[in-house]
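Welcome, and please open your viewer alongside this page. We will go from stop to stop, with something to select at each one.

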Amino acid sequence: MEVICQLLSAGSDDALKALSAELARSQAFALTARPSLDESGDALFKSIPPHHFVYPKRELPNPVEYRQIPADDVGRWFQAGGEFERAVPDFEYRPEQHQMSVAVAEAFNGQRHLVVEAGTGIGKTIAYLVPAVLWSLANKIPVVVSTNTKNLQEQIFTKDLPAIARVIRAPFKSALIKGRSNYLCLSRLEQLLSHREAELAEDQLLPLAHLCAWIFRTATGDLSELDGGAEVSDRLASTPEECRGRKCRHYGRCFLQRARNLSINADIVITNHSVFFSEPEKPLALPKTAQVVFDEAHNLEEAATRKFEREVTAYSFNGTLRKLHHASRRRESGLLHRLRELLFANNFLDAAEARDALYERLGAAIKHADKLRLSSRRFLKGVAGLPRKEESVMRLRPAVHASFAWSEIVPLLQTAQDDLYALTAELEKIQDLCKGPEDAPAEAVAALPEPVADAIRELGVLLSALHELADNLEFTTAIADRDWVYWAAVSRDYDGKPIGGLHAAPIEIAKFMAETVFAKKESVVLCSATMNVSHSPAFIAHRIGLDLVEPDRVTSLCVGSPFDYRRQCLAGVPLFLPDVAGSHPDAEGDYTAAFATFTGRLAVLSRGRMLVLFTSYRMMMTCAERLRADLSGQGIRLLVQGGGQSREHITSLFREDAPSVLMGTDSFWEGVDLIGEALSCLVIARLPFDAVNDPVVSARSERVAENGGDSFREFALPNAIIKFRQGFGRLIRHKEDRGVVVVTDQRIFTKNYGGSFRKNLPAELVQYADEATLLAEAARFLIPQHKAIS
Ligand code: SF4
């Protein structure tokens with residue numbers, strides 16, 4: 001409370017001061033009489049209960065020693081009149097769920113991998129969780145479940161697993177582990193509290209006070225629990241560079257370490273693909289396991305690719321440089337400054353000569369860091385000039401080295417590299433000087449005063465970050481590995497001017513997946529509502545390397561949705577709108593204008609309750625501008641993706657009672673679960689082919705062609721079909737849902753590939769030659785709902 005009051009009272013706003021005074025009065029203390037922030041900060045940290053670390057030595061049994069889980073044992077939980085039906089009031093027997101659950105159990109029993117397409121509404125999470133729990137209990141080994149989205153992670157952990165625990169009535173431990181950056185770092189918080197005056201603007205004190213108050217409530221330290229205050233919470237998330245692990249004084253209360261501790265000891269661990277793919281390199285968070293379930297598995301290729309991406313951006317330089325040294329008008333901060341102060345305060349070097357040498361080196365390192373700050377910025381500004389003016393991304397091929405544009409940045413690159421090497425060389429000398437003449441790291445550092453030893457360890461971490469940065473700089477500018485794709489991307493710097501970044505990603509991840517996942521795990525279950533293209537999982541299996549596994553180790557299953565799409569959904573394609581991909585110069589503008597007018601009319605008819613999916617941000621914003629005033633005049637709220645609001649927040653606004661139209665691009669095509677009448681009308685603006693100027697997409701297309709394949713039929717089309725199916729699936733989420741889907745891209749009928757989209761949908765598409773007929777039929781279809789509302 002003292003911390004919070006002091007933060008509030010430091011703000012200039014009178015209301016904050018009044019609130020602070022009120023809080024202080026209610027606690028019957030006067031701020032002036034209270035301990036310093038440091039002391040009260042200590043009390044704040046001590047309010048977090050310490051946890052006790054347990055390091056299990058669970059060895060995985062040899063496969064022949066596994067205890068099997070009989071299919072009958074699994075089935076009895078699901079069957080009509082079974083355990084779930086008796087224990088869960090709204091549980092319904094679904095044969096598809098039963099079938100999937102038995103298939104998962106058989107995959108575990110037979111040490112095989114399983115690919116399942118599970119239609120929306122079958123209850124697939126329960127279908128794999130039950131055999132996973134039974135397997136874990138029978139064999140006393142953990143099973144890891146990995147999802148693509150945090151939403152699904154949360155749902156499984158807070159809803160599905162507790163439901164299973166209630167039914168199974170056998171104790172099992174479950175844990176949820178997210179990526180490091182989701183957790184509050186107490187060490188960073190401590191530093192920010194100590195330097196709040198220099199580091200924070202006045203309007204950031206309130207969010208910080210809010211965060212301190214939240215610490216008393218949270219059991220997880222998961223920053224996503226906080227509403228708002230992103231600008232402060234971003235600065236307090238745990239980072240690998242700053243984490244001192246067991247040497248951290250908050251280790252015993254650290255939220256991240258607590259989550260890892262729970263995860264390592266759990267029977268069922270819920271994680272996400274990103275954490276899962278970090279494990280081979282940094283195995284910290286997940287227990288040893290031979291059985292893994294990937295949900296939302298259609299995203300695995302993208303998730304694995306993102307994890308391996310290498311990049312050099314302004315943040316790569318500035319993040320590390322700021323930690324080394326930062327000077328503002330009011331104060332100096334950073335490790336080099338701290339070391340200089342420690343040198344005087346602790347006198348940790350015996351010989352005056354060594355102290356002088358170190359002092360000099362620290363000064364030199366600060367100068368090198370300043371030089372690198374400037375040269376890296378100049379270099380990245382140069383990189384921003386590589387893409388053509390109107391484009392923000394440019395694929396880099398080896399031939400770019402011969403271009404004039406590249407020749408202009410070569411000297412800038414050379415200077416940045418020289419400055420980077422000079423800085424790391426200086427830091428290595430400082431490291432040697434601090435440790436003493438003998439290179440005996442552990443013993444030498446152990447003998448030093450604790451703050452000095454801490455600083456030296458931190459120096460080691462920052463040096464590693466700089467070495468990695470140097471490697472990435474070399475790798476992304478060499479453009480030499482033909483299994484990687486390279487590109488330059490332009491964003492805005494803090495001054496609003498363009499600044500470039502260099503990126504590289506592996507073109508294929510299939511071999512990696514085959515070697516590190518499918519060959520190492522005994523049983524991997526991959527499931528999603530959209531695993532198949534034309535009723536076959538071959539496309540995804542190929543993309544993720546499952547076809548490199550011995551065929552007798554892989555089985556597949558497709559269980560359809562229990563929904564009656566004929567009854568629940570009207571799906572139409574307006575042929576009266578212009579062709580979205582017309583070839584005349586104004587085609588896009590004509591289409592956007594006509595699309596916006598039609599969508600506005602449909603929104604009025606459906607009284608909002610409409611989700612519009614776009615493939616282009618620009619088109620979405622143009623439509624939003626055209627429709628905003630008209631919709632508002634009709635009492636319909638327009639919610640548009642972006643503006644710093646999370647998908648979850650926008651979706652929760654949409655769920656409120658007010659008639660709304662929600663417009664979104666990429667991330668809204670999947671993972672948005674709007675059950676009931678909140679969503680009654682879905683508009684798909686365009687068939688979702690990946691952008692051809694996306695460097696990863698273009699490199700993958702080329703690789704398919706190089707291997708003798710048809711890049712459109714074997715790559716672009718199946719990817720678009722999977723995304724289209726995901727988008728289409730947003731409308732009907734429950735057996736009582738009803739609604740209208742309008743696909744405004746007529747290519748679904750006019751192009752010969754259109755049939756591939758149509759036959760992958762659960763509903764028949766109707767063609768409408770005129771708007772009046774479409775609107776009249778949509779109105780008829782939606783009327784029963786209108787009545788139900790009134
Ligand atoms: S252990 Fe790492 S993440 Fe946890 S509080 Fe310490 S520095 Fe932060």
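Which residue stands opposite Ser528 in E12? Select Ser528 and look across from E12: the residue standing opposite is Glu117. Before going further, please keep in mind that this is a predicted model.

**Stop 1: strand E12 and its partners**

Now select residues 523-528, which make up strand E12. This strand is mostly covered, with six of its six residues buried. Turn the view and follow the side chains: Ser523, Val525 and Cys527 point one way, while Val524, Leu526 and Ser528 point the other way. Both sets are buried. That is a pattern you may recognise, since side chains alternate between the two faces of the sheet in a regular strand.

Next, add residues 113-118, strand E1. E1 runs parallel to E12, and four bridges join the two. Then add residues 291-294, strand E5. Here too the strands run parallel, with four bridges joining E5 to E12. To find one of these contacts, pick Phe294, whose bridge partner in E12 is Leu526.

**Stop 2: two loops with a positive phi**

From E1, step back into the loop between helix H6 (95-109) and E1, where you will find Gln111. Check the backbone here: Gln111 is not a glycine, yet its phi is positive, at about 50 degrees.

For another case, go to the loop between E12 and helix H23 (538-543) and select His535. The phi of His535 is near 65 degrees, again a positive value in a residue other than glycine. Is His535 buried or exposed? With 67% relative accessibility it counts as exposed, because the cut-off for exposed is over 50%.

**Stop 3: the ligand**

Select the ligand, which sits in the largest cavity. Then show the residues around the ligand: Cys185, Leu186, Ser187, Ser238, Cys243, Arg244, Gly245, Cys248, Cys254 and Gln257. Colour this shell by class and you should get five nonpolar, four polar and one charged residues.

**Stop 4: helix H11**

Finally, select residues 205-217, helix H11. How far apart are the end C-alpha atoms of this helix? They are 19 Å apart, which agrees with the 18 Å that its 13 residues should span at 1.5 Å a residue. To see the covered part of H11, highlight its buried residues: Leu205, Pro207, Leu208, Ala209, Leu211, Cys212, Trp214 and Ile215.

Terms used. Residues are numbered from 1 along each chain as its sequence is written. This is a predicted model: local features need pLDDT of at least 70, side-chain atom pairs count only at pLDDT 80 or more; totals for chains, interfaces and linings use all residues. Side-chain values use heavy atoms; hydrogens and water are left out. A residue is near a molecule or strand if one of its heavy atoms lies within 4 Å of it. On a 1 Å grid over the protein atoms alone, a cavity is a set of points where a 1.4 Å probe fits but cannot get out, and a pocket is an open set with protein on both sides within 12 Å along at least five of seven lines; lining residues have an atom within 4 Å of a point. A molecule sits in a cavity or pocket if more than half of its atoms lie within 2 Å of its grid points. Ala, Val, Leu, Ile, Met, Phe, Trp, Tyr, Cys and Pro count as nonpolar, Asp, Glu, Lys and Arg as charged, and the others, Gly among them, as polar. Buried means under 20% relative accessible area, exposed over 50%, partly exposed in between (1.4 Å probe, protein chains only). Two strands pair if DSSP finds at least two bridges between them. The expected span of a helix is 1.5 Å times one less than its number of residues.
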